[in-house]
Amino acid sequence: MATALPKPIADYVAANARLDPEGMLRPFAPDGVVQDDGGEHRGHAELRTWIQDATIAARAIFTPETHREENGQVVVDGVTSGDFKGSPLRFTLRFTLKGDVIRALEIG
């Protein structure tokens, strides 16, 4: 990538590469929300469960390829590989930041 990802996103991606659930959770606001696979997960307790079930259990690691700003969000495109059907798959992650935390993440 030509420019570095914003710090909270870079921290999330780095923790994901280590399959570190607490590191993945840390960049989120306490009331942060994730929309993934038709579901919504809000707050650290729900996000911790989502990270464990959707990422750690499947050993799913997202590798960013490009990113851009779009409509107030940081949009990151890349590939997720892991122990799941269809791996690897392309995903677009849309992050909404507030200060130095992730306020929202939409995965599509």
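Threonine 55 touches Asn16, Leu19, Met24, Trp50 and Ala60, leaving aside residues up to four places away in sequence. This residue lies in helix H3 of what is a predicted model. Is Threonine 55 buried or exposed? Its relative accessible area is 7%, under the 20% cut-off, so Threonine 55 counts as buried.

Threonine 55 also brings us to the largest pocket, which holds about 280 Å³ of space. Of the 17 residues that line this pocket, Ala54, Thr55, Ala60, Thr80 and Phe91 are the closest to its centre. Ala60 appears here and also among the residues that Threonine 55 touches. By class, the lining has 13 nonpolar, three polar and one charged residues.

Here are the elements that give two or more residues to the lining of the largest pocket:

| Element | Residues |
|---|---|
| helix H1 | 7–17 |
| helix H3 | 43–56 |
| strand E3 | 61–70 |
| strand E5 | 89–98 |

Now for the nonpolar core. The largest one has 22 residues, and those with the most contacts inside it are Tyr12, Phe95 and Leu105. Two or more residues each come from H1, helix H2 (21–25), strand E1 (28–36), H3, strand E4 (73–81), E5 and strand E6 (101–107).

Which residues does Tyrosine 12 touch, not counting those up to four places away in sequence? They are Met24, Pro27, Phe28, Trp50, Leu93, Phe95, Ile102 and Leu105. Phe95 and Leu105 are therefore contacts of Tyrosine 12 as well as residues with the most contacts inside the core, and Met24 and Trp50 are touched by both Tyrosine 12 and Threonine 55.

Technical notes
Residues numbered from 1 in each chain as written. Predicted model: local features only at pLDDT ≥ 70, side-chain atom pairs only at ≥ 80, totals over all residues. Heavy atoms only, no water. 1 Å grid on protein atoms, 1.4 Å probe; cavity = no way out; pocket = protein on both sides within 12 Å on 5 of 7 lines; lining within 4 Å. Points joined across faces, edges and corners; volume = space filled by probe spheres on them. Helix = DSSP H or I, 4+ residues; strand = E, 2+ residues; numbered from the N terminus. Nonpolar A, V, L, I, M, F, W, Y, C, P; charged D, E, K, R; others polar. Buried < 20%, exposed > 50% of the residue type's maximum accessible area, 1.4 Å probe, protein only. Contact = heavy atoms within 4.5 Å. Core = buried A, V, L, I, M, F, W, Y, C linked by side-chain atoms within 4.5 Å.
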